[in-house]
Amino acid sequence: MKYTLRDISFAAFLTAVLYVQQVALSALPNIQLCTVLLIWYTLHFSRLLPLVLPGFILLEGITYGFGIWWFSYLYVWAILVLIVYPLRKKELSPVLLAAIGGGFGLAFGFLCSLPYFAMGGVSLGFSYWISGIPFDIAHCVGNAVATLLLWKPLEFVAQRLRPYLDAKKH
């Protein structure tokens, strides 16, 4: 895929927004805006996601270390994008998007436990997943609330960006 300098610059901006909010909210357990932002990016700027996702995942590893958890980020965020991508041409309700974000938050811990299942078998994977359920519930609620609260303002921003960006390419 061919990217213009404008595309690369805007992808860097989207990556920075994703990364900075995650670091800024990192003191809160599984409360962040990554899910709502990636849903929004997928619906409006999907063409740039091959630049945004690797950049974000790399920054996460540099900041927090390249532990086992990091390997799950290589596929977890892509799964969210793949769930949302087929919906990008439809008119979607914020409630539906909040349900997708909430469901993803609830499934996040299980998805992240897959490397532990592979490394240590069923007992390690299952114990990792079960021990994180309270955080998954917080993630679920946080994603749903963030999507409901931020969707209208994000859509306003998308409309304001349309003259600047060629919406058909993104």
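A disulfide is a pair of cysteine sulfur atoms within 2.5 Å, and the exercises below begin from that definition. The structure is a predicted model, in which local features need pLDDT of at least 70 and side-chain atom pairs count only at pLDDT 80 or more, while totals for chains, interfaces and linings use all residues. Residues are numbered from 1 along each chain as its sequence is written, and side-chain values use heavy atoms, with hydrogens and water left out.

**Exercise 1. Cysteines**

Find how many disulfides the structure holds, and then look at C34 and C140.

Solution. Step one is the count, and the structure holds 0 disulfides. Step two takes C34, which is in no disulfide, since the nearest cysteine sulfur, that of C112, is 11 Å away. Step three takes C140, which is likewise in no disulfide, with the sulfur of C112 as the nearest cysteine sulfur at 15 Å. Step four asks about cover: C34 has a relative accessible area of 2% and is therefore buried, where buried means under 20% relative accessible area, exposed over 50%, and partly exposed in between (1.4 Å probe, protein chains only).

**Exercise 2. The fold as a whole**

Describe the secondary structure, the dimensions and the surface of the protein chain.

Solution. Begin with the elements: the protein chain has 6 helices and 0 strands, where helices (H or I, at least four residues) and strands (E, at least two) are DSSP runs numbered from the N terminus. Read along the sequence, these elements give the pattern α-α-α-α-α-α.

Next, turn to dimensions. The C-alpha trace spans about 55 × 30 × 30 Å along its principal axes. The radius of gyration of the protein chain is 16 Å, which agrees with the value near 15 Å that a compact globule of 170 residues would have; this radius is taken over C-alpha atoms, and the globule rule is 2.2 Å times the number of residues to the power 0.38.

Then consider the interior and the surface. Of the 170 residues in the protein chain, 42% are buried. The accessible surface comes to about 9000 Å², of which 74% belongs to carbon and sulfur atoms, the areas coming from the Shrake-Rupley method with a 1.4 Å probe, and for residues only the protein chains shown count as cover.

Finally, look at contacts, which are heavy atoms within 4.5 Å. Among the contacts with a separation of 6 or more, residues 24 or more positions apart account for 76%.

**Exercise 3. A covered helix**

Determine how many residues of helix α2 are buried and which helices cover them.

Solution. First locate the helix: α2 runs over residues 34-45, and 12 of its 12 residues are buried, which leaves α2 mostly covered. Among these buried residues are C34, W40, Y41, H44 and F45. Then look at what surrounds them, for the cover includes α1 (5-24), α3 (49-64), α4 (68-84), α5 (94-131) and α6 (133-161).

**Exercise 4. Four residues in their helices**

For Q22, V23, G102 and A138, give the helix and say whether each is buried, exposed or partly exposed.

Solution. Start with Q22, whose place is in helix α1; a relative accessible area of 12% makes Q22 buried. Leaving aside its neighbours within four places in sequence, Q22 is in contact with C34, F56, E60 and Y64.

Continue with V23, also found in helix α1; at 30% relative accessibility, V23 counts as partly exposed. V23 and G65 are 42 residues apart along the chain, and their C-alpha atoms are separated by 13 Å.

Move on to G102, in helix α5, which counts as buried at 4% relative accessibility. Not counting residues up to four places away in sequence, G102 touches C140, N143 and A144. From G102 to Y64 there are 38 residues in sequence and 24 Å in space, C-alpha to C-alpha.

End with A138, found in helix α6, where a relative accessible area of 23% makes A138 partly exposed. Its contacts, leaving aside neighbours within four places in sequence, are with P29, N30 and I31. A138 and G105 lie 33 residues apart along the chain, with 8.0 Å between their C-alpha atoms.
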